[in-house]
Amino acid sequence: KEMRLALCSAIAATALKETVASRGHISDDVRDFPLVVKDDLQNLKKTSEVEEVFIKLGLWPDVYRVKESRKVRAGKGKRRGRRIKQAVGPLLVIAKDEGLARAARDVPGVDVSVIDNLNVELLAPGTRCGRLTVWTESAFKRVEKRFGGE
């Protein structure tokens with residue numbers, strides 16, 4: 001029950017612009033929250049197409065913020081497979097993966113999650129809720145159907 005409540009709270013926090021901005025995301029060009037786009041986003045196959053979508057949605061400054069935050073970790077962690085530290089960027093929540101995860105893996109800080117695999121750690125990394133999240137229409141409808149009765 002607590003895990004379900006935490007997931008519902010993290011999902012709700014993605015809809016508040018103040019919470020998203022307080023987490024450090026740059027979303028000045030975005031007017032409407034939660035950010036819901038058409039299902040055509042799931043069909044993207046190339047990284048350049050994903051970058052175009054981020055530019056059109058006004059999310060590119062946040063991706064650029066993540067690019068600039070990349071630092072080599074101090075200490076022994078860099079010898080243990082944790083060489084790079086970087087900020088967390090936008091999360092793409094989709095209903096079905098038709099190539100988007102592969103296309104977006106080269107964009108720094110961007111994570112792609114199928115709605116069935118969505119968890120609190122993706123929505124609130126570092127226990128701070130309010131991650132900048134882009135939902136597809138079908139994924140958003142599935143969330144409403146699954147958690148809407150509460």
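Visitor: How should I read the relative accessibility of Asp111: buried, partly exposed or exposed?

Guide: This is a predicted model, and the accessibility is computed from its atoms. Asp111 has 30% relative accessibility and counts as partly exposed. A residue is called buried under 20% and exposed over 50%.

Visitor: Which side chain does Asp111 meet in a salt bridge?

Guide: The general idea comes first. Side chains of opposite charge can pair when their charged atoms come close. Here the side chain of Asp111 meets that of Arg131, with N and O 2.8 Å apart. Asp111 belongs to strand E5 (residues 111–114), while Arg131 sits in the loop between helix H6 (120–123) and strand E6 (133–136), so this salt bridge ties together parts that are 20 residues apart in sequence.

Visitor: Is Arg131 buried or exposed?

Guide: Arg131 is buried, at a relative accessible area of 1%. Its partner Asp111, as said, is partly exposed.

Visitor: Which backbone oxygen atoms lie by a polar atom of the Arg131 side chain?

Guide: There are two to look at. The backbone oxygen of Gly89 is 2.8 Å from a polar atom of the Arg131 side chain. For the backbone oxygen of Leu122, the corresponding distance is 2.9 Å. When you inspect Arg131, then, look at the carboxylate of Asp111 as well as the backbone at Gly89 and Leu122.

Visitor: How many salt bridges does the count come to?

Guide: The count is 4 salt bridges. Another of them joins Asp116 and Arg142, with 3.2 Å from N to O. Asp116 is in the loop between E5 and H6 and Arg142 is in helix H7 (residues 137–147), so the pair ties together parts 26 residues apart in sequence. Asp116 is exposed, with a relative accessible area of 52%. Arg142 is partly exposed, at 31%.

Visitor: Where do Asp62 and Arg65 lie?

Guide: Both are in helix H4 (residues 60–68), 3 residues apart, which is about one turn of the helix. They form a salt bridge in which the closest N and O atoms are 2.9 Å apart. Asp62 is buried, with a relative accessible area of 0%, whereas Arg65 is partly exposed, at 22%.

Visitor: How many disulfides does the structure hold?

Guide: The structure holds 0 disulfides. To read such a case, check the distance between sulfur atoms against the cut-off, which is 2.5 Å. The sulfur of Cys8 has its closest cysteine sulfur in Cys129, 13 Å away, and this is too far for a bond. Cys8 counts as buried, at 17% relative accessibility. Cys129 is likewise in no disulfide, its nearest cysteine sulfur being that of Cys8. Cys129 counts as partly exposed, at 38% relative accessibility.

Visitor: In what order do the strands form the open sheet?

Guide: Strands of a sheet pair through backbone hydrogen bonds, either parallel or antiparallel. In this model 4 strands form the sheet in the order E1-E6-E4-E5, and the pairing is parallel. Strand E1 (35–37) and E5 stand at the edges with a single partner strand each, so one side of each has no neighbour in the sheet. From one strand to the next, the twist averages 25°.

Visitor: Over how many bridges do E4 and E5 pair?

Guide: Strand E4 (residues 91–94) pairs with E5 over 4 bridges, in the parallel sense. Within this pairing, Leu92 stands opposite Val112 of E5. E4 also pairs with E6 in the parallel sense, over 3 bridges. There the bridge partner of Leu91 is Thr133 in E6.

Visitor: Which residues point one way from E4, and which the other way?

Guide: In a regular strand the side chains alternate between the two faces of the sheet. On E4, Leu91 and Val93 point one way, and Leu92 and Ile94 point the other way. All of these residues are buried.

Visitor: Which strands does H7 lie across?

Guide: H7 lies across E1, E4 and E6, and runs at about 90° to E6. This is the helix that holds Arg142, the partner of Asp116 in the salt bridge described above.

Methods
Residues are numbered from 1 along each chain as its sequence is written. This is a predicted model: local features need pLDDT of at least 70, side-chain atom pairs count only at pLDDT 80 or more; totals for chains, interfaces and linings use all residues. Side-chain values use heavy atoms; hydrogens and water are left out. Helices (H or I, at least four residues) and strands (E, at least two) are DSSP runs, numbered from the N terminus. Buried means under 20% relative accessible area, exposed over 50%, partly exposed in between (1.4 Å probe, protein chains only). A polar contact is a pair of N or O atoms within 3.5 Å; within protein, one must be able to donate a hydrogen and the other to accept it, and residues adjacent in sequence count only if both atoms are side-chain atoms. Two strands pair if DSSP finds at least two bridges between them. Axes are lines fitted to C-alpha atoms, for helices over the stretch in contact, and angles run from 0 to 180 degrees between N-to-C directions. Contact means heavy atoms within 4.5 Å.
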